Amino acid sequence: MNFSAIKREEIPGEIPEIQMSEAERAQISSFIESEFGIKMPAIKKVLLTGRLAKRLRALGFSSYGDYYRFIRSDKGAAELFIFADLISTHETSFFREEQHFAYLYSEILPRLAESTGAGVKRAIRILSAACSTGEEVYSIAMTIEEFKRKVISNYMYNITGSDISIKVIESAKRAVYSNSRLKNVSGEYQRRYFMKGKNDKKELVRIVPEIRINTNFMVLNLMDDYYPFTEKFDVIFCRNALIYFDRENQINVIRKLCNHLMKNGFLLIGHSETMTGYNLPLRCVEPTIYRGI
């Protein structure tokens with residue numbers, strides 16, 4: 001018998017793969033860009049189907065069009081949050097692009113303490129936009145804790161982490177990580193700022209409560225017209241998120257962030273990102289580092 005001649009759908013127990021038409025791809029991609037700002041061109045069709053296929057099967061949908069109509073309906077309101085998590089990229093690590101943390105320690109913290117009293121007269125307020133599972137937030141916190149330990153012992157801070165995904169925000173709140181995530185964290189920092197798990201949790205670590213108490217997390221879509229912040233921030237990290245947006249959406253997001261940045265506050269973007277030629281109320285002080293004007 002020629003087994004190679006058997007069609008895939010004829011193999012007993014095999015679940016047929018759900019195909020995405022170009023019309024469905026274009027419809028879903030357009031929705032993703034308008035709702036979340038994330039570019040999803042035709043070249044990313046395989047990526048898109050790879051991320052969504054399991055949800056279609058889990059919910060019993062036979063086409064991507066049916067799934068799209070479901071997430072746009074009132075009944076699909078909860079599923080929309082899962083969809084947002086699936087189409088988002090959550091790549092992150094502790095002390096990613098470490099030059100920014102060195103600059104935070106040596107320049108930003110002392111300058112703002114002297115010029116505005118941030119950290120001394122009141123807590124410095126820092127936003128980590130698109131913070132994913134929290135590694136950036138806690139890297140900022142560890143940097144400040146070192147500044148407290150070595151420079152200003154009574155330094156005060158509050159860090160807000162935001163992300164579009166409920167799932168990663170809940171993970172960030174828990175502040176629990178596998179040991180394998182600590183490759184960029186020095187042994188000294190690991191001993192000082194992480195608690196080790198025991199018994200069946202020995203491969204896990206957790207950020208110490210002295211740091212966690214100075215952090216808070218919220219779900220936020222950077223494409224929203226309104227950001228629900230009640231006070232302006234002294235420092236905003238928005239790194240490695242803009243690369244997924246087109247130029248128009250990049251400008252709109254940064255302009256909205258600038259509305260929540262203190263005058264002369266600092267804005268940091270990723271090393272693969274640029275704002276050259278953008279008409280924004282910012283001045284560049286170092287590559288990828290800006291101050292509000």
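Two residues are in contact here when heavy atoms of one come within 4.5 Å of heavy atoms of the other. With that in hand, Glu146 is a convenient place to enter this predicted model. Leaving aside neighbours within four places in sequence, Glu146 is in contact with Tyr105, Tyr189, Arg192 and Tyr193. The residue sits in helix α6, and its relative accessibility is 2%, so Glu146 counts as buried. The side chain of Glu146 also makes a polar contact of 3.1 Å with the side chain of Arg149.

From this one residue we can step back to the whole chain. The protein chain has 293 residues, and buried residues make up 48% of them. Ten helices and ten strands are assigned in the chain. Along the principal axes, the C-alpha atoms fill a box of roughly 80 × 55 × 35 Å. Among contacts with a separation of 6 or more, 72% are between residues 24 or more positions apart.

The chain is divided into domain 1, residues 22–87, and domain 2, which is made of residues 98–177 + 212–292. The C-alpha centres of the two domains lie 30 Å apart. Ten residues from domain 1 and twelve residues from domain 2 take part in the contact between them.

The nonpolar interior comes next. The largest nonpolar core has 45 residues, and those touching the most other members are Ile32, Phe36, Phe83, Ile254, Met275 and Leu282. Two or more residues come from each of α1 (22–36), α2 (45–59), α3 (64–71), α4, β1 (124–129), β7 (233–238), α10 (247–258) and β8 (261–269). Of these, α10 gives the most to the core, with five residues. Both domains contribute to this core, with at least three residues drawn from each of domain 1 and domain 2. Met275 shows what such a position looks like in detail: not counting residues up to four places away in sequence, Met275 touches Ile254, Leu267, Ile269, Leu280, Leu282 and Tyr290. A second core, separate from this one, has 43 residues, including Ile108, Tyr157, Ala172 and Phe237.

Ala172, named in that second core, leads to helix α7. This helix spans residues 166–174, and its buried residues are Val168, Ile169, Ser171 and Ala172. Why do these residues lie on the same side of α7? They cover an arc of only 160° around the axis, which puts them on the same side of the helix. The elements that the buried residues of α7 pack against are α4 (77–87), α6 (135–150), β2 (157–163), β3 (176–178) and β6 (215–219). Helix α6, in that list, is also the helix that holds Glu146.

Both ends of α7 have a feature to look at. At its start, a side-chain oxygen of Ser165 reaches to within 3.3 Å of the backbone nitrogen of Lys167. After the helix comes Ala175, whose phi is positive, near 60°. Ala175 lies in the loop between α7 and β3, and with a relative accessible area of 0% this residue is buried. As background, most residues other than glycine have a negative phi. Asn264 also has a positive phi, near 70°, in a residue other than glycine. Asn264 is found in strand β8, and its 30% relative accessibility makes it partly exposed.

The cysteines remain. Which cysteine has the sulfur nearest to that of Cys258, and how far away is it? The nearest is the sulfur of Cys238, 10 Å away, and Cys258 is in no disulfide. A disulfide requires two cysteine sulfur atoms within 2.5 Å, and by this rule the count of disulfides comes to zero. Cys258 has 10% relative accessibility and therefore counts as buried. For Cys284, the closest cysteine sulfur is that of Cys258, and the 13 Å between them is too far for a bond. Cys284 has a relative accessibility of 49%, so this residue counts as partly exposed.

Terms used
Residues are numbered from 1 along each chain as its sequence is written. Side-chain values use heavy atoms; hydrogens and water are left out. Buried means under 20% relative accessible area, exposed over 50%, partly exposed in between (1.4 Å probe, protein chains only). Helices (H or I, at least four residues) and strands (E, at least two) are DSSP runs, numbered from the N terminus. The arc is that of the directions from the helix axis to the C-beta atoms. A polar contact is a pair of N or O atoms within 3.5 Å; within protein, one must be able to donate a hydrogen and the other to accept it, and residues adjacent in sequence count only if both atoms are side-chain atoms. A nonpolar core is a set of buried Ala, Val, Leu, Ile, Met, Phe, Trp, Tyr and Cys residues joined through side-chain atoms within 4.5 Å. Domain bounds come from an automatic or database domain assignment.
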